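Q: Please take a close look at one part of this predicted model and describe how that part sits within its chain and beside its partner.

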Amino acid sequence: MENVDRIKSEEMINRIDGRLTKNKIVKGLFFIATLFTLIMLVVLLYRIIAQGAPYLSWDFLQNFASRRPEQAGIKAAVIGTIWMMAVVVPTAAIFGVGSAIYLEEYAKKNTLTRWIQMNISNLAGVPSVVFGLLGLTIFVRLFGFGNSILAAGFTMSLLVLPVIIVASQEAVRAVPNELKEASYGLGATKWQTISRVVIPYAIPGIATGSILAFSRAIGETAPLIVVGIPTFVAFLPSGVFDSFTALPMQIYNWTSRPQEEFHNLAAAGIIVLLVVLIMMNSVAVWIRNRYQSR
Amino acid sequence: MVLTAVNSKENNQKVQTENVLVYNTKGLNLWYGDHHALKNINLKINEKEVTAIIGPSGCGKSTYIKTLNRMIDLVPGVKTNGSIEYRERDIFNKDFFVEELRTRVGMVFQKPNPFPKSIYENIAFGLKIHGIKNKQIINETVEKSLRGAALWEEVKDRIHEPAYGLSGGQQQRLCIARCLALEPDVILMDEPTSALDPVSTLKIEELIQELKQQYSIIIVTHNMQQAARISDRTAFFLNGEVVEYDVTDTIFNSPADSRTDDYISGRFG
């Protein structure tokens, strides 16, 4: 018996080398995976900046689209995107946060709610083209909004709603039960508890999730193409029923032109879009950090 | 067990002749789904006394105290029958709004649970939800409540600072002050000292003795010595039933039921 034990422990000691080698190999593999992703990102960024940076100028931001590349700019696209987001942000926030609070605080936890919940999570994974088709059928044709800011804004709201609902639900669920009990224990009604305890506590989470969802709406192209947003617009919209173009549409249009200069303009447009997205994501991170340290 | 002995017969007579009931529980049964958590509870709780509820984990003592202000409604799948009368009004009656019940009956929880707001705002919260906006009334109530909870001297220079900066014991006293701000009739305490150190526990116990002059207090506790120290009457719960309910001295010195004796002498639980 003792003999067997000695042989066993010797064997175990002898295997340490092999185990450590495996340890190193796995660490290396993970490192390579990370490195590969990073290199791809850097190459992409380098190409875009090298190509687009020379075309970035005040004029580029100030000019409308043009057939002559040296006069073409993204004014209509930037203003159009701002108009669209002015529709998306309130619509998606109100419906998204409202649904999240209903599902978490009011709805009974039964089979129907679980089924709705599952479908919302699934919707978050539906391709954006499908939302484009939905928008085309309902907002453009049925409601007769045409290819307007309103139609595109509502379509984008639908696209980001599931993400906002899920993120807000998580934020609402994270509100400690003890705080809600404290409020109810003082004779507060459900609405008072929600408005004075639940929402203030959940706001950082809701804001972070919503901003990330909005930045997705800014970058999406497919739904806009399906809804029929024009690419060549040489005027500014004056209301939500006007036609418009958006940043990703303008970029898409330039990349499909044969002339090399337009490709460079597209790269410059991408830089502008990236700056906007990075700014939005930074705000989300800032909000998260600010409230985490509370 | 050493007790601050009051002659139990005298005490008993006093209880019978002078006291007014705040709560009268008649044949209360409660189920969590299929689990029968409270079985035919009959308890009369007196005004301006400290009533302790003791018993081992899972005996239903917390469930019972949460039923008294209907916090139990927040748990899905709870069914009850029987009645609880608070000042001769059935708390399960539809015309008795739970918001009113909880305004009259305050609650202090197991873990201190101040809101992530300032000390001042924590106390003002209760007034504001009841529509009191007058700054002067709020300011006076904040000071009065903090004094009432023996916290004013410690925090008077920083009432606009976050409540999370207070120690655990101070936070629990802040929660008591938050209750007092609404001038409740009854204060329910669900193991209020179980998350606190011995010094903070002692302060809360002293405070309970003070509060007894004005309020009726019902306290659930794990700690039998605590029940013996601070309560006038004690109910011993076991497996969802009230085994024995009597003057505290009687429960601890000459319990009628052998199970009570076993529990208080530490043979189980």
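A: The part to look at is the span of residues 78-283 of chain A, whose end C-alpha atoms lie 19 Å apart. In this predicted model, the span is 78% helix and 0% strand. The UniProt record, an unreviewed entry, lists residues 78-283 of chain A as "domain: ABC transmembrane type-1".

The same kind of record also supplies a finer division. UniProt (unreviewed entry) places the feature "transmembrane region" at several stretches of chain A, including 123-143 and 224-245. Residues 123-143 of chain A are 76% helix and 0% strand, with their end C-alpha atoms 23 Å apart. For residues 224-245 of chain A, the figures are 18% helix and 0% strand, and the end C-alpha atoms are 9 Å apart.

Phe244(A) is a useful point for closer inspection. Phe244(A) is placed in the loop between helix 9 (222-227) and helix 10 (247-255) of chain A. Phe244(A) has 26 other C-beta atoms within 10 Å, and is therefore buried; the cut-off for a buried residue is 20 or more. Apart from neighbours within four places in sequence, the contacts of Phe244(A) are Gly80(A), Trp83(A), Ile149(A), Ile229(A), Val233(A) and Pro237(A). Ile101(A), by contrast, is 143 residues from Phe244(A) along the chain, and the C-alpha atoms of the two are separated by 34 Å.

The setting of the span is chain A as a whole. Chain A has 11 helices and zero strands. Of its 294 residues, 36% count as buried. Among contacts in chain A with a separation of 6 or more, 74% join residues 24 or more positions apart. The radius of gyration of chain A is 26 Å, while a compact globule of 294 residues would have a value near 19 Å. The C-alpha trace of chain A spans about 90 × 60 × 35 Å along its principal axes.

The domain assignment splits chain A into domain 1 (2-55) and domain 2 (59-292). The centres of domain 1 and domain 2 of chain A, taken over C-alpha atoms, are 38 Å apart. Their contact takes six residues from domain 1 of chain A and seven residues from domain 2 of chain A. On the side of domain 1 of chain A that touches domain 2 of chain A, four residues are nonpolar, two are polar and none is charged.

Chain A also meets chain B, in a contact that takes 15 residues from chain A and 20 residues from chain B. On the chain B side, helix 3 (98-104), strand 6 (105-108) and helix 4 (119-129) each supply at least two residues. The residues of chain B that touch chain A comprise 10 nonpolar, six polar and four charged.

Chain B, unlike chain A with its zero strands, holds an open sheet of four strands in the order 2-1-4-5, with antiparallel pairing. Strand 2 (35-46) and strand 5 (89-90) of chain B stand at the edges with a single partner strand each, so one side of each has no neighbour in the sheet. Strand 1 (residues 21-32) of chain B pairs with strand 2 of chain B in the antiparallel sense over eight bridges. Leu21(B) has Asn46(B), in strand 2 of chain B, as its bridge partner.

Technical notes. Residues numbered from 1 in each chain as written. Chains lettered and ligands numbered in written order. Predicted model: local features only at pLDDT ≥ 70, side-chain atom pairs only at ≥ 80, totals over all residues. Contact = placed C-beta atoms within 7 Å. Nonpolar A, V, L, I, M, F, W, Y, C, P; charged D, E, K, R; others polar. Rg over C-alpha atoms; globule rule 2.2 N^0.38 Å. Buried ≥ 20, exposed ≤ 12 C-beta atoms within 10 Å, placed from the backbone. Domains from an automatic or database assignment. UniProt positions renumbered as here; feature names shortened; annotations may be inferred. Pairing = 2+ DSSP bridges.
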